[in-house]
Amino acid sequence: MTKPSLPELLHTAVAAVGGTERPGQVTMATAVADAIDDGSHLLVQAGTGTGKSLGYLVPALAHGERVVIATATLALQRQLVERDLPRTVDALHPQLRRRPEFAMLKGRSNYLCLHRLHEGVPQEEEDGLFDQFEAAAPTSKLGQDLLRMKDWADETETGDRDDLTPGVSDRAWGQVSVSSRECLGASKCAYGAECFAEMARERAKLSDVVVTNHALLAIDAIEGAPVLPQHEVLIVDEAHELVSRVTGVATGELTPGQVNRAVRRAAKLVNEKAADQLQTAAEGFERLMELALPGRLEEIPEDLGYALMALRDAARTVISALGSTRDKSVQDEDAVRKQALAAVENVHAVAERISNGSEYDVVWYERHDRFGASLRVAPLSVSGLLREKLFADRSVVLTSATLKLGGDFNGVGASLGLAPEGTEGEDVPQWKGIDVGSPFDYPKQGILYVARHLATPGREGSRGDMMDELAELVEAAGGRTLGLFSSMRAAQAAAEELRGRLDKPILLQGEDTLGELIKTFAGDPETCLFGTLSLWQGVDVPGPSCQLVIMDRIPFPRPDDPLMSARQKAVEEGGGNGFMAVAATHAALLMAQGAGRLVRATGDRGVVAVLDPRLANARYGSYLRASLPDFWYTTDRNQVRRSLAAIDAAAKADSK
């Protein structure tokens, strides 16, 4: 029997999921198959509606080697495991003459820990463990959630937090889960044989396709100890998010609260001298943090240096002492010790990292209204780490609707540690970038309007002319507006202003769960939804409910963002253009994602309105515009109002 061709397999899979075959999808599948066959790397920009998940699943399944797929969002993980993979595997089974197995794998803290559930949580003030079910009043929300999770533990097959509906708060979940550092290990744990996290790992080892998240991929790369099973092909979907997720995993933090927790957890398990040393170091650190002012620390101040060395040395003493004492009064000492060790090791690791003062790290103070001050350290760049760990031993395919910025892939490539496309050389990963387009006719379906007549937005302060423009546009559109704002303060101010001016429901992020807000927004065309960062890339509302997407300003990083400004400065010191490489690239990615909210289906029509004249007037404006979908472009305010009114009238006529 001849081996089925890739187009045949793709055709079968598309029919099975009830989709329509797109030319871009065929181009993508062929390019993915070629990259896998010759062990090279591929960046694929595939616009909304291309059907990109099948564009990589079909060639990956056809190849037959183990594949890891890493995504940024829970929604896409679910879609792959619950919809795309089961249907595709069923459809291709007769032609492939095998049935590839697939599994989901996440970090340990995403799974219910049976030891925590049945034995309780190590208590900080008293000896031993406390039963969280006794401690939380059954009438309280926490108590009810814990009782519900106890019932759920008996029926769930996965123990995966995301399978628990409705969900629970982080606080409630923290009572029944452990981090990998706190885990006793399957061989030492009384519940090791039934452990949900271990079962998920075993399923992954036996699967042909493992679906995971960017964070676990980052942990696998950074920690050195492999978390993911051996694999020949890595596919990174939503790849525009990868650098920030890896940076997040590689960021360390110290807060007085966290250090004091470590002191309390270790105090009963070590000799008095070691406990006192850590307590004294913690108090010194806390006093310093009370005076900390937010901002980057280019040099570590002398007093902070001493405080960190004291913390590091005291933590090291406690870690050594923890190994030698046994306290008969502590129940389930292994679990208590493991939790204490995890807390103290984290303090030691971060204090040592900041004390060592690598030129490749950025250190800064942050202040939070509720949680007080924290000391943070993050890598200046993760590109070297990604080049070394991501592209070394496997073929890597990175895909997203937004990878091509300003007309090419080199900006995103550089952030991933890749030399410009076509660069030859030893130890230089070979890659190519392809844009397979979109099934949508952007120039006919959408307008990009830049409000050129407005004043350039300042750092703070009211923008009266912008509010007038916003109100007129929303009025012309008949509601139907997704407002994307550069800060929560700006979103709140706009919602407040428009609620007073217009007779349209204005929803504001934070006033309900994101899921509920999006559902309400999608259900009523007159409704508007205003919010900040997660809305720029998390909203999928096709149809007449979203016909106007407004961006209040170009979303450059804040000038006082310590990490972004440090990265910008480093590029400039290397002779590059720091503003374009860091700030403009960051803004271009967000704007491309935000503009992508408008056209989600072939029948969608609408306007993306940018209320920042710099997009039309500034030198970098053309770079940002080239990163957006190819909408019809105008700066004519009257034209855009007429177009919005016509789109609104057509939508009303269709709904009758």
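Trainee: Which residue follows helix α23, and what is the sign of its phi?
Mentor: Gly 575 follows α23, and its phi is positive, near 90°. This is a predicted model, in which local features need pLDDT of at least 70 and side-chain atom pairs count only at pLDDT 80 or more, while totals for chains, interfaces and linings use all residues. Residues are numbered from 1 along each chain as its sequence is written, and side-chain values use heavy atoms, with hydrogens and water left out.

Trainee: How do you know that the span of α23 agrees with what is expected of a helix?
Mentor: Helices here are DSSP runs of H or I with at least four residues, and strands are runs of E with at least two, numbered from the N terminus. The expected span is 1.5 Å times one less than the number of residues. For the twelve residues of α23 (562-573) that gives 16 Å, and the end C-alpha atoms are 16 Å apart, so the two agree.

Trainee: What makes the link at the start of α23 a polar contact?
Mentor: A polar contact is a pair of N or O atoms within 3.5 Å, where one must be able to donate a hydrogen and the other to accept it; residues adjacent in sequence count only if both atoms are side-chain atoms. A side-chain oxygen of Asp 561 comes to within 3.0 Å of the backbone nitrogen of Leu 563.

Trainee: Which residues of α23 are buried, and what do they pack against?
Mentor: Pro 562, Leu 563, Met 564, Ala 566 and Arg 567 are buried, meaning under 20% relative accessible area with a 1.4 Å probe and protein chains only. Their packing partners, by contact (heavy atoms within 4.5 Å), include α11 (242-249), β10 (361-368) and α24 (578-595).

Trainee: Why is Asp 84 called buried?
Mentor: Asp 84, in helix α4 (74-96), counts as buried because its relative accessibility is 3%. Its side chain makes polar contacts with the side chains of Gln 79, at 2.8 Å, and Arg 83, at 3.3 Å. Arg 83 is adjacent in sequence, but that pair joins two side chains, so it still counts. Leaving out residues up to four places away in sequence, Asp 84 touches Ser 53, Leu 57 and Gln 79.

Trainee: What makes β14 and β19 paired strands?
Mentor: Two strands pair if DSSP finds at least two bridges between them. β14 (446-450) and β19 (606-610) are joined by five and run parallel, with Ile 447 opposite Val 607. β14 also pairs with β20 (632-634) in the parallel sense, over three bridges, where Leu 448 has Tyr 633 as its partner.

Trainee: How do you know that β14 is mostly covered?
Mentor: Five of its five residues are buried. Gly 446, Leu 448 and Val 450 point one way from the strand, and Ile 447 and Tyr 449 the other.

Trainee: Why are β16 and β20 called edge strands?
Mentor: They belong to an open sheet of seven strands with parallel pairing, ordered β16-β17-β15-β18-β19-β14-β20. β16 (506-508) and β20 each have a single partner strand, so one side of each lacks a neighbour in the sheet. Neighbouring strands are turned by 15° against each other on average, direction ignored.

Trainee: Which helix lies across β14, and how does it run relative to β18?
Mentor: Helix α19 (464-477) lies across β14, β15, β17 (528-531), β18 and β19, at about 170° to β18. Such angles lie from 0 to 180 degrees between N-to-C directions of axes fitted to C-alpha atoms, for helices over the stretch in contact.

Note on methods
Buried means under 20% relative accessible area, exposed over 50%, partly exposed in between (1.4 Å probe, protein chains only).
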